[in-house]
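Trainee: I should like to learn how to read an interface between two chains. Could we work through an example together?

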Amino acid sequence: MRRAVTLLFALFLLAGLLTAASAQTIHVGSKNFTESVILGDIASQLIRDAGFQVDHRKGFGTRFLWNGLEQGDIDLYPEYTGTLTHEILSQQKIQTDDELRAALRERGLRMTKPLGFNNTYALAMRERRASELGVKTISDLRAHPDLAFGFSNEFMDRADGWPALKQRYNLPQTNVNGLEHDLAYRGLEGGSIDLADVYATDAEIEYYHLHVLEDDLGHFPEYKAVFLYREELRQSAPAVVERLDRLAGAISDDAMRSMNAQAKIEQIPDGQVASEFIRREFNLDTQTAQRTLWERFVYNTMRHLYLVGVSMAGAILIAIPLGVAAAKSRGFGQAILGVVSVIQTIPSLAIFVFMIPLLGIGAKPAIAALFFYSLLPIVRNTYAGLCGIPVSIRESAEAMGLPAFARLRLIELPLAFRSILAGVKTSVVINIGTATLGALIGAGGYGQPILTGIRLDNMGLIMEGAVPAAIMALAAQGLFELIERWLIPHALRS
Amino acid sequence: MFDLRHVWKRYETADALRDVNLSIPEGETTILIGPSGCGKSTLLRLLIGLIEPSEGEVIFEGERLQPGALIEMRRRMGYVIQDGGLFPHLTARENATLMAHYLGWSGDRVNDRLHELAELTHFPASGLDRHPAHLSGGQQQRVSLMRALMLDPRVLLMDEPLGALDPMIRAELQEELRDIFRTLKKTVVMVTHDLAEAAFFGHSIVLMRQGGVLQQGSLHELFHNPADEFVNRFIKAQRSHLDALKEDSP
């Protein structure tokens, strides 16, 4: 029995440790949309070319990345000036780039010069329709009051969206409707609307042959792309900063739009889009050999095992004593079961997010979240297993003159073992599935290809994460059934 | 062996024992008998410290039963219950020798003692490596008895040890058990609800009712000098069994 618990524990810990990465690296982050990932890839490849190890973590929400940068889990990531002034630092009412730089410096952060393109809101029409009507700028729209506008709901509502735009340019159009962003492109193509709001570097602009109207009165705030990085890089890795500075002014609106289109519409891998850009722009060959499906599988499996292994080892180590304590003391027991059950009711995604302020981003918060999430089945089954032992057997052990700890070790835990094992099995299956969410906070694993697949609308990539995750869960279940067969005497398997 | 002084056991709904004063003599078999709910099992569990008295004291070999000393004192007692209370995950051998191993006895000493007991209890050597689930009820009780006797305790406490067995096996085990008691000359306290069984085993019978001791004495005394009307009725009610018993014996 003890052998079994030790073995299980060692198994998980080993899986964890074997797969832990240890090298000192530059941590690059990027957001959960294609443009950000491509920029992250460009930076990563340039930095790697300067001789650094790079860990590029993709798919974060803005807040996570910003917090990660502030806490030092991330060394650099691509951001937009408009996002900084209007969202992240909106309370400081920043007007100019210099004010923005000062605000960043207070936080130990720096930003590069703008990369060139401005991914702001923009208005777009089909090229042919625009040239027919002779519309080049937003001001030109005043001459065509009958045009039909279709705007995303966000744009209809935003303070700097349609209401402000209409006032600023004194636009006369009344045929204005809110609709889904993706439907707007089809509406433009089909002719049901003449004009829609877009992001200036959307891949679809090229694909649907759209003309982006010039914001001649400068109404929309600038969303100039920059790289944010931690100030200490200037001392610890000046070559990294030098590489980032090379990107100043290097990426035009057209270049960015075209790269987005390659990745999203032609489905060229992000890394390849990035290295082709670097070859064109800097005449550097950073073409990294694309990882094969098998290499990606091995890498993701190791990362996933790491998350599951370490969190399960911790959960077993803590949950079994908690279950024992719960069974031994009624009041304490109800408290423990209550707390652990409440943890279980928190949506797993929320637990992941709660861990970020405490542990930053990456594997650590994911492991902590998975640990908490794995407690309940083990605690409850340990408790149930111990409470399910018949009174006559418990009292027989007591009447023999065995001390409490020996009773636990020799009689009660072995009798509860089957139940405890079932709890661990449930935990591990839940854990393997939940660990895929770890990719959202940069922990990697099978969630990574799933996230990328969702972003690129690529079912193959989604399957690359989903299928092995399911197989791993099944394998874990099978392994536990083997352990059960091996360790539990026939007499106890009714 | 045991002395109980003004022992009360109170539960929220009722009193299980009321002011029990009792002395259990060494080297004899004492039977606790009475109708269901009279407190006889409670009394036995009190003797081995599985429950504590609400009031009064229990003395074992001149020493008061109290939490600190309990573990050591229990090792001088053997305890056998109705369904055996065997540990299902251990074999017969492991059940019987668990405590001896825990106390660090040498392998030889454990084995010698086990074979001595197997012989005494007529337990077949082939059954030693079976789990309880693969043993008959009678065999389980033999293992339970071996386990209770392993450390050669000063007293054997038995709670309806034959109660769950079918009549044939029960009769056979009664005989064997009485022989064992005679061989070992051990102090035995046994709970039963069956007067015939009490008569068969007991030197001294303690008749209980509603948490109190009505009378302690030999069957002869209880029969001819009942302490009260209930004792009289209880003995008479089971007389037919006794008569049958008399006819059987020479």
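Mentor: Let us begin with charged pairs. In this predicted model, two salt bridges are found by the rule across the interface of chain B and chain A.

Trainee: Which side chains meet in a salt bridge at 2.4 Å, N to O?

Mentor: Those of A:Glu395 and B:Arg45 do. Under a wider heading, six residue pairs are in polar contact across the interface of chain B and chain A, both residues of each pair being at pLDDT 80 or more.

Trainee: Which helices of chain B each supply at least two residues of the side that touches chain A?

Mentor: Helix 2 (67-74) and helix 3 (92-102) of chain B do so. Helix 3 of chain B contributes the most to that side, with four residues. Sorted by class, the side of chain B that touches chain A comprises 13 nonpolar, six polar and five charged residues.

Trainee: How is the size of an interface often given?

Mentor: It is often expressed as the accessible area lost when the parts come together. Here chain B and chain A bury about 1900 Å² between them, with 71% of it on carbon and sulfur atoms. Of the area that chain B buries against chain A, 28% comes from B:Phe87, B:His89 and B:Tyr102, more than from any other three residues. In terms of contacts, 24 residues of chain B meet 20 residues of chain A.

Trainee: And within chain A, is helix 2 mostly covered or uncovered?

Mentor: Helix 2 (residues 34-49) of chain A is mostly covered, with 14 of its 16 residues buried. From first C-alpha to last, this helix reaches 22 Å, close to the 22 Å expected at 1.5 Å a residue. A:Gly51, which follows helix 2 of chain A, has a positive phi near 100°.

Definitions and conventions:
Residues are numbered from 1 along each chain as its sequence is written. Chains are lettered from A and ligands numbered from 1 in the order in which they are written. This is a predicted model: local features need pLDDT of at least 70, side-chain atom pairs count only at pLDDT 80 or more; totals for chains, interfaces and linings use all residues. Side-chain values use heavy atoms; hydrogens and water are left out. The expected span of a helix is 1.5 Å times one less than its number of residues. Buried means under 20% relative accessible area, exposed over 50%, partly exposed in between (1.4 Å probe, protein chains only). Contact means heavy atoms within 4.5 Å. Buried area is the accessible area (1.4 Å probe) that two parts lose on being put together, summed over both. A salt bridge is a side-chain nitrogen of Lys or Arg within 4 Å of a carboxyl oxygen of Asp or Glu. A polar contact is a pair of N or O atoms within 3.5 Å; within protein, one must be able to donate a hydrogen and the other to accept it, and residues adjacent in sequence count only if both atoms are side-chain atoms. Ala, Val, Leu, Ile, Met, Phe, Trp, Tyr, Cys and Pro count as nonpolar, Asp, Glu, Lys and Arg as charged, and the others, Gly among them, as polar.
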